[in-house]
Amino acid sequence: MRYFDSVKYLAGRTLQYRFKIIITSIIIILLFGMVNFWFSMKVMSGIRSYVGGESLWSKSQKDAVNYLVKYSSSHDQADYDHYLIFIKVSKGDRQAREELNKSNPNITIVKEGFIQGGNSPKDVNDLIFLYKWFRHVSYMESAIKIWAAADGEIDNLTALGNQIHEEVAGSSPTEQTLQNVYAANSRLTVLENDFSSTLGDGSRGIAMTLMAITLFMTCLLGALAVTSAVLIAKATVRLDRAKTEFVSLASHQLRTPLTAINWYAESLLASNKPKRLPKQQKQLEELYGASQRASRLVSDLLSVSRLDLGTYQTEIKSTDVNIILNTILKDLEATIKKKSLQISKKTDKHIPKIKLDSRLLTVVLENLISNSIKYTPERGKITISLSIKKSRLIVNISDTGIGIPKSQQAHIFEKLYRADNAKEMEAHNTGLGLYVCKAMVDRMGGSITFESVENKGTDFHVKIPVIVEGRSHGKYGTKSKG
Amino acid sequence: MGNTAQKVKAKQVLIVEDDLSIRDVLAQKITDCGYEVILSGDGQEGLDLALDKDPDLILLDLQLPKLNGKELLKKVRNDEKSKRIPVIILTNDGSSMSIEDTLNKGTPAYFIKSDTSLAEIVEAIKYHLV
């Protein structure tokens with residue numbers, strides 16, 4: 001029930017807050033996981049050092065016994081010296097342990113002891129760590145008790161060593177003394193085995209516990225990651241739905257009244273001109289122009305939304321690019337004439353039909369050409385060339401227009417961006433045209449680049465991969481609007 | 001067909017459009033161009049008129065009350081008598097799905113209302129009613 005309570009709690013919060021909580025939890029769990037990992041490695045490494053140290057300890061103890069027995073018959077001082085070296089190993093470990101048992105241990109003495117105990121200096125820190133933190137913990141505590149019990153046997157062995165040394169100086173060690181050595185040795189062997197198995201059991205237990213913790217945390221982390229993924233997906237879906245709703249709202253609620261304004265203004269302009277005052281005629285023209293701008297803006301916004309949402313469906317069909325270009329130029333004829341622009345078309349007359357999404361191409365060409373017309377001062381020149389090279393439609397549109405300031409060139413494909421000189425010349429535009437162009441060219445798998453010098457002009461280059469049809473007439477005719 | 005007897009009668013254009021202002025301005029313009037117009041504000045009535053009056057051309061909106069434009073188009077196309085009537089779609093739904101759908105149903109032209117001028121529509125009507 002707790003889990004569901006927390007879900008309920010989260011459901012009532014804002015999305016941002018939910019993300020904050022989930023991300024914070026993920027970070028906390030990750031940090032905890034890292035600490036857990038470090039700790040596990042440290043513990044396992046400590047246990048490994050103790051197991052290693054124990055086998056060294058037991059080997060030294062056996063070597064000490066062997067040299068002592070050998071010395072008792074050889075009476076060779078070298079053998080006795082060897083015995084002394086080996087018995088010191090167990091004493092080193094003892095020194096370390098006894099120092100660590102003190103409430104305020106001297107770490108130098110501890111380290112010295114462990115090193116004397118034959119442990120690798122690299123293991124010493126792990127040995128100290130494990131002893132400090134786990135000496136009172138179940139298996140570790142039992143192992144330490146066994147280890148301390150061996151101290152007595154080592155003392156005993158030391159005493160026997162001294163006794164044999166004295167006996168050798170006198171005559172020969174008695175059989176009884178040797179028997180005592182053997183007895184101490186077998187008791188130590190039992191303790192060593194106990195120590196090993198206790199530590200082994202302990203390490204298995206610890207390993208299992210740590211594994212369980214790690215597994216639990218991994219699951220928790222996974223659950224949180226899935227929860228946040230679901231949250232993100234849900235939020236995205238909701239956002240997409242909101243956008244789609246806006247798109248249809250814009251398309252139906254805005255376009256219908258705009259159409260009425262457009263058409264009434266057009267009707268008025270087409271009728272009874274002589275009856276109007278020049279001022280009224282001008283106002284009517286302004287009205288018509290403004291409503292058309294609004295319509296174009298809505299269309300641009302719709303294109304942007306569709307492209308952004310990815311709901312645009314590509315439609316590849318046989319296309320005659322010359323027809324597209326001519327239709328666009330025909331639509332723009334009035335403005336071209338008004339500004340006395342010189343348009344030169346450099347297109348191959350026998351340009352083959354190609355397969356592509358003609359609606360996308362139309363919008364791209366429309367935007368680029370109408371931009372050139374807009375931003376080229378009167379009596380300027382615009383050159384449009386179309387060609388097909390290696391399954392690529394190559395379009396170049398160059399003008400003698402106002403150009404794009406160098407410092408702003410990097411931004412012109414950004415949504416709603418407009419260069420300063422363009423704003424000055426055409427206050428009404430939206431800064432969506434080139435964004436839409438770029439998005440559409442991308443959609444067609446092509447590229448769009450430009451070179452521009454301020455006050456000299458701009459050259460746009462578009463390259464679009466296409467399927468080139470045979471030189472014969474295509475199967476499908478392209479019907480123009482009329 | 002060159003039938004001289006029919007030339008006397010003005011050609012009929014059925015306009016199916018639910019927005020009153022748009023219907024009104026379209027009707028005026030088309031009447032001014034010498035056609036007779038039949039008006040309808042919903043899909044069901046539009047369909048009845050299309051089947052009953054056998055107009056020479058239909059201007060069809062897609063979002064319509066009672067019966068939507070796509071359904072109307074389908075029914076007209078399935079009718080033996082009416083299936084040859086040219087239908088020009090006039091809509092503000094520019095989604096590619098709608099365009100493809102209706103063009104596949106044998107519609108010769110498709111206009112986004114807010115991007116089209118009355119002159120272009122008249123041109124299209126003339127093209128199909130020559």
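This short talk walks through a predicted model with chains A and B, from the overall make-up down to single residues.

A word on conventions before the details. Because this is a predicted model, local features need pLDDT of at least 70 and side-chain atom pairs count only at pLDDT 80 or more, while totals for chains, interfaces and linings use all residues. Residues are numbered from 1 along each chain as its sequence is written, chains are lettered from A and ligands numbered from 1 in the order in which they are written, and side-chain values use heavy atoms, with hydrogens and water left out.

Let me start with the two chains. Chain A comes to 13 helices and 8 strands, where helices (H or I, at least four residues) and strands (E, at least two) are DSSP runs numbered from the N terminus. Of its 482 residues, 42% are buried, buried meaning under 20% relative accessible area, with exposed over 50% and partly exposed in between, for a 1.4 Å probe and protein chains only. Among the contacts in chain A with a separation of 6 or more, 72% are between residues 24 or more positions apart, a contact being heavy atoms within 4.5 Å. Chain B has 130 residues, of which 51% count as buried, and its 5 helices and 5 strands run β-α-β-α-β-α-β-α-β-α from the N terminus on. In chain B, 61% of the contacts between residues at least 6 apart in sequence join residues at least 24 apart.

Next, the interior. A nonpolar core here is a set of buried Ala, Val, Leu, Ile, Met, Phe, Trp, Tyr and Cys residues joined through side-chain atoms within 4.5 Å. The largest such core has 48 residues, and Leu368(A) and Ile369(A) are those with the most contacts inside it. Leaving aside neighbours within four places in sequence, Leu368(A) is in contact with Ile397(A), Leu434(A), Cys437(A), Ile448(A), Phe460(A) and Val462(A). A second, separate core, of 41 residues, includes Trp57(A), Ile128(A), Ile154(A) and Leu199(A).

Ile128(A) brings me to helix α5 of chain A, residues 124-134, which is mostly covered, with 8 of its 11 residues buried. Ile128(A) is one of these, as are Val124(A), Asp126(A) and Phe134(A), and the buried residues of α5(A) pack against α2 (15-74), α3 (77-101), α4 (107-116) and α6 (138-170) of chain A.

How do the axes of α2(A) and α5(A) cross? They come within 8 Å and cross at roughly 105 degrees, the axes being lines fitted to C-alpha atoms, for helices over the stretch in contact, with angles from 0 to 180 degrees between N-to-C directions. That makes α2(A) roughly perpendicular to α5(A), since 65 to 115 degrees counts as roughly perpendicular, under 35 as roughly parallel, over 145 as roughly antiparallel and the rest as oblique. On the α2(A) side the residues include Phe39(A), Val43(A) and Tyr50(A), and on the α5(A) side they include Phe129(A), Leu130(A) and Phe134(A). Trp38(A), Phe39(A), Phe129(A) and Phe134(A) form one aromatic cluster.

Turning to aromatic pairs, a search of the whole structure finds 12 over all chains. Rings of Phe, Tyr and Trp (its six-membered ring) pair if their centres lie within 6.5 Å, and planes under 30 degrees apart count as stacked, over 60 as edge-to-face and the rest as tilted. The rings of Tyr50(A) and Trp147(A) have centres 6.1 Å apart and planes at 75 degrees, so this pair is edge-to-face. It links helix α2 to helix α6 of chain A, across 97 residues, and both Tyr50(A) and Trp147(A) are buried. The pair of Phe413(A) and Phe460(A), with centres 6.5 Å apart and planes at 75 degrees, is edge-to-face as well. Phe413(A) lies in the loop between β5 (392-399) and α12 (420-425) of chain A, and Phe460(A) in strand β7 (residues 457-465), so the pair ties together parts 47 residues apart in sequence. Phe413(A) is buried at a relative accessible area of 17%, and Phe460(A) is buried at 8%.

I close with two single residues. Thr259(A), in helix α7 (residues 175-270) of chain A, is buried with a relative accessible area of 0%, and Thr259(A) touches Ile22(B), Asn92(B), Lys113(B) and Ser114(B), not counting residues up to four places away in sequence. Gly152(A), in helix α6 of chain A, counts as partly exposed at 38% relative accessibility.
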